[in-house]
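The exercises below ask for a careful reading of one model, with the sequence and coordinates open beside the text. Each task is followed by a solution that goes step by step.

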Amino acid sequence: MADWPLIATGLGIGVAVAAPIGPVNIMCIHRAVRKGFLAGLASGLGAVVADGTFAAVAAFGVTAIAGFVEGHIELVKLVGGAVLVLFGAVVALRRPPLDRSEDEVRDSGLSSLGAAVAAFVMAITNPGLLLGFLGIFGGLGDFARGSSANAALLVAGVMAGSLLWWITLAGGVSHFRRRFKEAWLRAFNLAAGAALGLFGAVVLADATVSPFL
C-alpha cells in the first residue's frame with residue numbers, strides 16, 4: 001500500500017522548491033507566452049528532472065555527489081552564471097513574432113528538447129538547490145530515509161509536485177497569451193532577459209568573490 005503521507009510530503013516539497021521565482025520560472029513563462037502551453041511545459045520538464053536528481057541524492061544519501069558539488073561549488077556557480085547570462089542575452093534580443101500562431105507551429109520537438117535541456121542545466125548548476133534539498137531531507141530524518149522504498153516514494157512525490165507546478169504555471173500563462181500585444185511582448189522579452197542576466201551576474205559575482213572571503 002502506498003504511503004500517502006510520504007507522497008504528500010514529497011508533493012509539498014516539489015511545489016515549494018519549484019514555485020519561487022527564478023531562472024527556470026522566467027524561462028517557462030517566456031516560452032508559454034511566445035509559443036503556448038507545451039512549449040512552456042518543456043522548460044519545466046527539465047527542472048523536474050533536476051529536482052528529481054537532487055531529491056534522489058538527498059534521499060538516498062549519495063554523499064559522493066553532494067561532496068563533489070560542495071567541493072567544486074565555485075566552478076558550478078561559474079558555469080551556472082555563464083549559462084544564465086548567455087540565455088538572458090538571447091531572450092532579450094529575440095524579437096516577438098508578428099504571427100504568434102505561426103511561431104507556435106514552429107516550436108518543433110528539437111526546440112522543446114533544447115528548452116528542457118537548458119532548464120535542466122540552469123537547475124542542476126544551482127548549488128543552492130542541492131544544499132536546500134539536503135537541508136530539507138536532513139530535517140525529515142528517518143521519515144525520509146527509513147528504507148529505500150520510502151526514499152523512492154519521496155523522490156517520486158517531489159517530481160510529481162514539481163511537475164504539478166510547471167503544468168499550472170505554463171497552463172495559466174498560455175491561457176492569457178493571446179491578450180498580449182506585440183509591444184508588451186517586446187517589453188517582456190527585455191524584462192525576462194534582464195532578469196536572467198541579473199541572476200547570472202549575481203551568481204558569477206558570488207563565485208568570484210566568495211573564495212577571497
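The secondary structure of this protein comes to eleven helices and zero strands, where helices (H or I, at least four residues) and strands (E, at least two) are DSSP runs numbered from the N terminus. The model is predicted, so that local features need pLDDT of at least 70 and side-chain atom pairs count only at pLDDT 80 or more, while totals for chains, interfaces and linings use all residues. Residues are numbered from 1 along each chain as its sequence is written, and side-chain values use heavy atoms, with hydrogens and water left out.

**Exercise 1. Describe the burial and the contacts of the whole chain.**

Step one takes burial, for which buried means under 20% relative accessible area, exposed over 50% and partly exposed in between, with a 1.4 Å probe and protein chains only. Buried residues make up 43% of the 213 residues in the protein.

Step two takes contacts, meaning heavy atoms within 4.5 Å. Among contacts between residues at least 6 apart in sequence, 90% join residues at least 24 apart.

**Exercise 2. Compare the span of α2 and of α3 with the expected value, and state how far each helix is covered.**

The expected span of a helix is 1.5 Å times one less than its number of residues. For α2 (residues 23–35), the 13 residues should span 18 Å, and because the end C-alpha atoms are 18 Å apart, the two values agree. Helix α3 (residues 37–59) has 23 residues and reaches 31 Å from first to last C-alpha, close to the expected 33 Å.

As for covering, 13 of the 13 residues of α2 are buried, and in α3 the count is 17 of 23. Each helix is followed by a glycine with positive phi: glycine 36 after α2, near 100 degrees, and glycine 61 just after α3, at about 65 degrees.

**Exercise 3. Classify the packing of α2 against α3.**

Begin with the axes, which are lines fitted to C-alpha atoms, for helices over the stretch in contact, with angles running from 0 to 180 degrees between N-to-C directions. The axes of α2 and α3 come within 6 Å and cross at roughly 160 degrees. That makes α2 roughly antiparallel to α3, given that angles under 35 degrees count as roughly parallel, over 145 as roughly antiparallel, 65 to 115 as roughly perpendicular and the rest as oblique.

The crossing is right-handed, a term used if the near helix is turned clockwise from the far one by less than a right angle. In the contact, Val24, Met27, Cys28, Arg31, Ala32 and Lys35 of α2 meet Phe37, Ala39, Gly40, Ser43 and Ala47 of α3. These residues divide into seven nonpolar, two polar and two charged, with Ala, Val, Leu, Ile, Met, Phe, Trp, Tyr, Cys and Pro counted as nonpolar, Asp, Glu, Lys and Arg as charged, and the others, Gly among them, as polar.

**Exercise 4. Repeat the classification for α1 and α10.**

The axes of α1 (residues 4–18) and α10 (residues 148–176) come within 6 Å and cross at roughly 45 degrees. That makes α1 oblique to α10. The contact residues divide into twelve nonpolar, seven polar and no charged, and α1 passes α10 in a right-handed crossing.

**Exercise 5. Is lysine 77 buried or exposed, and which distance separates its C-alpha from that of leucine 204?**

Lysine 77 is placed in helix α5 (residues 73–93), and it counts as buried because its relative accessibility is 13%. Although lysine 77 and leucine 204 are 127 residues apart in sequence, their C-alpha atoms are 6.4 Å apart in space.
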